Amino acid sequence: MFYEPKARDRTLLPHDPFKALVVPRPIGWVSTMNRDGAVNLAPYSYFNAFAGRPPIVGFSSDGLRDSATFAIETREFVWNMATYDLRFEMNATSTPLPRGESEFSFACLETAKSRLVRPPRVAASPVSLECKVCDVITLKNHLGESVENVLILGEVVGFHINDEFIKDGIVDVAAMRPIARCGYQDYVVADSMFQIVRPEGAEDPTDSAVEKSAA
């Protein structure tokens with residue numbers, strides 16, 4: 001099968017499969033705060049890491065929703081890892097609430113104070129990244145025309161990792177059981193890992209082993 005995005009045969013594919021093909025995607029469970037102290041928490045389907053030195057993550061908002069608006073306004077946000085144990089709470093925070101109503105309260109989630117930024121963390125999440133906004137990019141199509149999506153990039157200035165999941169100096173991510181977004185109504189849980197030794201010279205320069213050998 002081949003099709004162009006605007007010419008999809010909807011008799012064969014009634015639902016756009018794009019999000020089901022680029023999978024799995026980390027969930028951008030982002031907490032933000034505006035200048036007046038209003039707090040927002042929402043999951044984003046388009047989120048990922050973009051650099052290691054310095055560490056930079058980013059989420060793309062389909063229009064200027066509360067998370068994007070607050071992050072642009074205060075230049076701060078926090079990413080919280082969504083896990084299998086928090087799957088229903090994460091989903092609840094996608095409910096469109098009136099501005100000013102707390103998703104934390106709606107989803108029965110406790111907040112935890114951040115150290116270097118104002119937005120709170122999800123207390124129950126095993127990992128949170130405190131971020132300072134370093135770039136805001138309005139995405140464009142191949143014709144150079146602006147589209148509605150805004151990409152917000154943030155430098156990670158602080159890491160929170162639950163000590164329970166650190167074993168012999170390695171973070172046991174599988175034990176955290178993070179979940180990732182797939183297409184349609186689908187998610188996946190990462191509860192097992194496998195390792196492949198990369199070819200000589202192809203090591204990731206941000207890998208701890210490389211950092212250790214270079215020290």
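This passage describes an open sheet and the second largest pocket of a predicted model.

The sheet is built from 7 strands. It is open, and its strands follow the order E3-E2-E6-E9-E10-E5-E4. Pairing is antiparallel. E3 and strand E4 (47–52) occupy the edges. Each has a single partner strand, so one side of each is left without a neighbour in the sheet. On average, neighbouring strands are turned by 35° against each other, direction ignored. In general, strands of a sheet pair through backbone hydrogen bonds.

At the E3 edge, the partner is strand E2 (residues 28–33). The two strands run antiparallel and are joined by 6 bridges. Serine 31 has leucine 41, in E3, as its bridge partner.

Strand E3 also takes part in a pocket lining. The second largest pocket has a volume of about 1200 Å³. Its lining comprises 34 residues. Lys19, Ser45, Tyr46, Asp62 and Arg65 are the closest of these to the pocket centre. Helices and strands both contribute to the lining. Two or more residues come from each of helix H1 (18–21), strand E3 (39–44), strand E5 (55–62), helix H2 (66–74) and helix H3 (87–92). E3 gives the most, with 5 residues. By class, the lining holds 14 nonpolar, 11 polar and 9 charged residues.

Sheet and pocket thus share elements. E3 and E5 are strands of the sheet, and both give two or more residues to the lining of the second largest pocket.

Technical notes
Residues are numbered from 1 along each chain as its sequence is written. This is a predicted model: local features need pLDDT of at least 70, side-chain atom pairs count only at pLDDT 80 or more; totals for chains, interfaces and linings use all residues. Side-chain values use heavy atoms; hydrogens and water are left out. On a 1 Å grid over the protein atoms alone, a cavity is a set of points where a 1.4 Å probe fits but cannot get out, and a pocket is an open set with protein on both sides within 12 Å along at least five of seven lines; lining residues have an atom within 4 Å of a point. Grid points are joined across faces, edges and corners, and a volume is the space filled by probe spheres set on the points. Helices (H or I, at least four residues) and strands (E, at least two) are DSSP runs, numbered from the N terminus. Ala, Val, Leu, Ile, Met, Phe, Trp, Tyr, Cys and Pro count as nonpolar, Asp, Glu, Lys and Arg as charged, and the others, Gly among them, as polar. Two strands pair if DSSP finds at least two bridges between them. Axes are lines fitted to C-alpha atoms, for helices over the stretch in contact, and angles run from 0 to 180 degrees between N-to-C directions.
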